[in-house]
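Let's take a walk through this structure, starting at its surface and working inward. Have a look at it first.

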Amino acid sequence: ESPIAPPPRWPLRQDRSACSPALLPRSPSPLASAKAWRAKMLVLGLYCGGVMLMDEAIGVVKWEVKAHCGTTDRRSRVAIAGKFVASVGLGDQHWTLWNAASGAVHRVGAKHDGTAGCICTLPFRSVHEGCPVVAHTAGLRSLAFSPCGQRLATGGLDGAVIVWDAESGEAETRVEHAKISAWSLSFSADGTRLASGNADGSITVWGEGGVLFRTINASAHNVLVSSVHFSPTHNTRLVSGGAGSEIHVWDVESGEKIRSIAGRAFARFSPDGRTIATASVARPSDVNLVDAESGALLLSMTGHQAHVFTASFSVDGSKLASGSRDGTCRVWDSSTGALLRTIGVGQRLLSLAWGRDWVQDTQRGVAFAMGHH
């Protein structure tokens, strides 16, 4: 299958050379300053629209903001890179970048609201044809930082996926695929590919500069793809999950399915690429760890009182955090399955990812985006 380049919605930045395309990692920046942070954090995306940062070691809230609480649909999702937390809400058409240390707003992404160069008249039903602002036109469902932390990808209900320069807020690349909304996003470990899990059950993979590399058709999942994740150690290995009873491991180079494994809702590789975390099919409140090569069940972690929506490994892989409809985040020892801590937040937890804290070596931090029952 030959790569197909879709018609560009607008030109890429003119100052970007061929050796530094929009999806290629650049040199480290303030956004990619994770090495300066001495302990691990976790970022989550949830239901009421709020965003919370917690010290995981002692279960204390460091800050909380009502990020997307002013919209009808308040569900928010979050990601973290270096010193910044990014969040999106299903009822909002823009992303927000927060200072992880203070919870202060660092930057708000572009939107069609009649300001900042936008020529659209509000209220509007469609974007003005000549509007120079590059932004989503419907609520946002997904987001992901590139490995270098310099780029943020967002997916909306408008069917668009936009890659932004996280520091400047400038849109670098926009792609659309038949108005199909992207429910999940993931960059490859080298930052040269971006995958989206879509509402029609398909998976789309883009290469450098937003060029369409491959589409894995809708038969991949019989339901929407709520989770995609590239292996941290293998640039062509991708795992996907949805509301069905199986998760799938793919070779994106060939488009071939490597194997199917019992699991649902989410699928996340461990940092060494050897293990996948997913929700149990038989008991959706349990978290299973399976062998990425054989699909064999390694551990099953029981404790949540309702469906588990999300999970993520710590940076060193020693811990796994899970978020559930029961309003708790549970932290597990990923080698033994032992429950290390239960953090009650009183809100449904929808997504999470580990980052790094900035205070002292012994602390652990967790950032949450939360929602009401």
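The protein exposes about 14,800 Å², and carbon and sulfur atoms supply 50% of that area (areas come from the Shrake-Rupley method with a 1.4 Å probe; for residues, only the protein chains shown count as cover). Keep in mind that this is a predicted model, where local features need pLDDT of at least 70, side-chain atom pairs count only at pLDDT 80 or more, and totals for chains, interfaces and linings use all residues. Residues are numbered from 1 along each chain as its sequence is written, and side-chain values use heavy atoms, with hydrogens and water left out.

What is the chain built from? There are 29 strands and zero helices (DSSP runs numbered from the N terminus: E, at least two residues, for strands; H or I, at least four, for helices). Of the 373 residues, 57% count as buried, meaning under 20% relative accessible area with a 1.4 Å probe, protein chains only.

Now for the inside. The largest nonpolar core (buried Ala, Val, Leu, Ile, Met, Phe, Trp, Tyr and Cys residues joined through side-chain atoms within 4.5 Å) has 27 residues, and Leu-42, Leu-44, Val-51, Val-85, Ala-321 and Cys-329 touch the most other members. Strands that each supply at least two residues of this core include strand 1 (39–46) and strand 28 (348–357). Apart from it lies another core of 16 residues, Ala-86 and Val-88 among them.

Cys-329 counts as buried because its relative accessibility is 0%. As for disulfides (pairs of cysteine sulfur atoms within 2.5 Å), the count is zero.

Definitions and conventions. Buried < 20%, exposed > 50% of the residue type's maximum accessible area, 1.4 Å probe, protein only.
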